[in-house]
Amino acid sequence: MPDYFVFGGCLRSELTFPELTHAHGRAPNWMLRMGTLSRDGDAEVLSDAALSQTCRIRLTRGDGWFRYSHSCTGSFEVFAEGRRILFEPAAHGDLDGARTDFVSRVLPYCVDHASITWLHGSAVRIAAGAAAFLGPSGSGKSTIALALTRGGAEHLCDDTLPVEAGEKPVIWPGDDIIRLCSDSRTRLASSARAIRRESDGKFVMTRHEVGSAKSSSASNAPDQSRCPLNAIYILNPAESPQTGASVSRRLVPPTAAIPVLMQHLKLGPVMRREDPALLMKQLDAIVQSVPVYELTVSRDWSVVDEVVERVIAWHSHTGVAESQLTSA
């Protein structure tokens, strides 16, 4: 079975992942096999929701296991220690959708919740630290991250943002995947080969394909590829910002930042009973150490270079605490 580098660890899988980077010489942290799952009629139902007229997501758990079932892709059963996962594809199911489900929804559940907070966002390294961008789908997280990479930053992760809370929070490496909508791909990665196009219309590409893979590659040790988190930006796209500038930022007080960050958590549907209190503690540790800004950005491709230059300038100061840099 092939091994893949993802979230700072190694996945050994019977289901192939053409979008992931192959790992060599690593002991697997997680093992994904394909097979037939047992009936879960006696399981505790955590959630059962309709995504459309034809697709449902059902979350169940029993003694020593958790199951994520998507009627259009398949079901993943995660065993208690989080190292073993069994996958049963749906009849005539969408395997590309199953790959997306596994990387963005199932695998994060297998990583130690005691140290990692999973956010819906993208991040880049500028100088010695990382800048993270959060926002709802379509707000421009992937676009601004890739545009900054074109301006000299290093791409760290896209869509799934693992933050390790601590005295100085750090970002873990991602999955080497970049997801772009059609116009962003045309503007920023027109020559890059797309592995596939997902149901939401976004193109899935690797960082290598778009030319943004630098030192955070699978050849690095996980600890070496973790990056201090220097700032979090909540995207607020605007057709014409009231300030007249192409980009501006406003510092969000820590007490207000926690509920904002809660809106961008990745694991809401699969939380365990003990998780809400733990997440609040993690988020509090993050906002006490990392400034959170509302970032207002003009939705105008003609000012992209100006936006990139300004954001990089904010993070190029040396010896100045980010929390002191509150001006636009």
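Here are some friendly notes on a predicted model, as a first tour of its sheet, its helices and a few of its side chains.

1. A good place to begin is the sheet. This is an open sheet of nine strands with mixed pairing, and their order is β3-β1-β2-β4-β9-β8-β7-β6-β5. Strands β3 and β5 (44-50) stand at the edges; each has a single partner strand, so one side of each is left without a neighbour in the sheet.

2. Next, look at the hairpin made by β1 and β2, which has two residues between the strands. In that turn, F7 has a positive phi of about 50°. Strand β1 (residues 3-6) pairs with β2 in the antiparallel sense, over four bridges. To find the register by eye, start from F5, which stands opposite C10 in β2.

3. Strand β2 also pairs with strand β4 (residues 30-34), and here the two run parallel, joined by three bridges. A handy marker for this pairing is R12, whose bridge partner in β4 is M31. Why is β2 described as largely enclosed by the rest of the structure? Four of its five residues are buried, so the description follows from that count.

4. At the β5 end of the order, the pairing is with strand β6 (residues 56-62). Six bridges join β5 and β6, which run antiparallel. If you want one pair to check, V45 has T60 as its bridge partner in β6.

5. Now for the helix that goes with this sheet. Helix α1 lies across β1, β2, β4, β7 (65-70), β8 and β9 (84-89), and it runs at about 20° to β8. The aromatic side chains in the next two points show some of the contacts that α1 takes part in.

6. The model has nine aromatic pairs. One of them is F17 with F102, a tilted pair at 5.7 Å centre to centre, with 40° between the planes. This pair links distant parts of the chain: F17 is in the loop between β2 (9-13) and β3 (21-22), F102 is in helix α1 (residues 95-110), and they are 85 residues apart. Are these two rings buried or exposed? F17 counts as buried, at 1% relative accessibility, and F102 is buried too, with a relative accessible area of 0%.

7. F102 also forms an aromatic pair with F76, again tilted, at 5.4 Å centre to centre and 35° between the planes. Here F76 is in strand β8 (residues 74-79) and F102 is in helix α1, so to speak from distant parts of the chain, 26 residues apart. F76 is buried, with a relative accessible area of 0%. Which residues do the ring pairs link into a cluster? They are Y4, F17, F76, F87 and F102.

8. Two arginines are worth a look for where they sit. R67 lies over the face of W65, at 5.3 Å from the ring centre. R185 lies over the face of F203, at 4.4 Å from the ring centre.

9. Finally, turn to helix α2 (residues 141-150). Nine of its ten residues are buried, so α2 is largely enclosed by the rest of the structure. The buried residues are K141, S142, T143, I144, A145, L146, A147, L148 and T149. Just after α2 comes G152, which takes a positive phi of about 120°.

Definitions and conventions: Residues numbered from 1 in each chain as written. Predicted model: local features only at pLDDT ≥ 70, side-chain atom pairs only at ≥ 80, totals over all residues. Heavy atoms only, no water. Phe/Tyr/Trp six-rings, centres within 6.5 Å; stacked < 30°, edge-to-face > 60°. Buried < 20%, exposed > 50% of the residue type's maximum accessible area, 1.4 Å probe, protein only. Lys NZ or Arg CZ within 6 Å of the ring centre and 35° of its normal. Pairing = 2+ DSSP bridges. Contact = heavy atoms within 4.5 Å. Axes fitted to C-alpha atoms, helices over the stretch in contact; angles between N-to-C directions.
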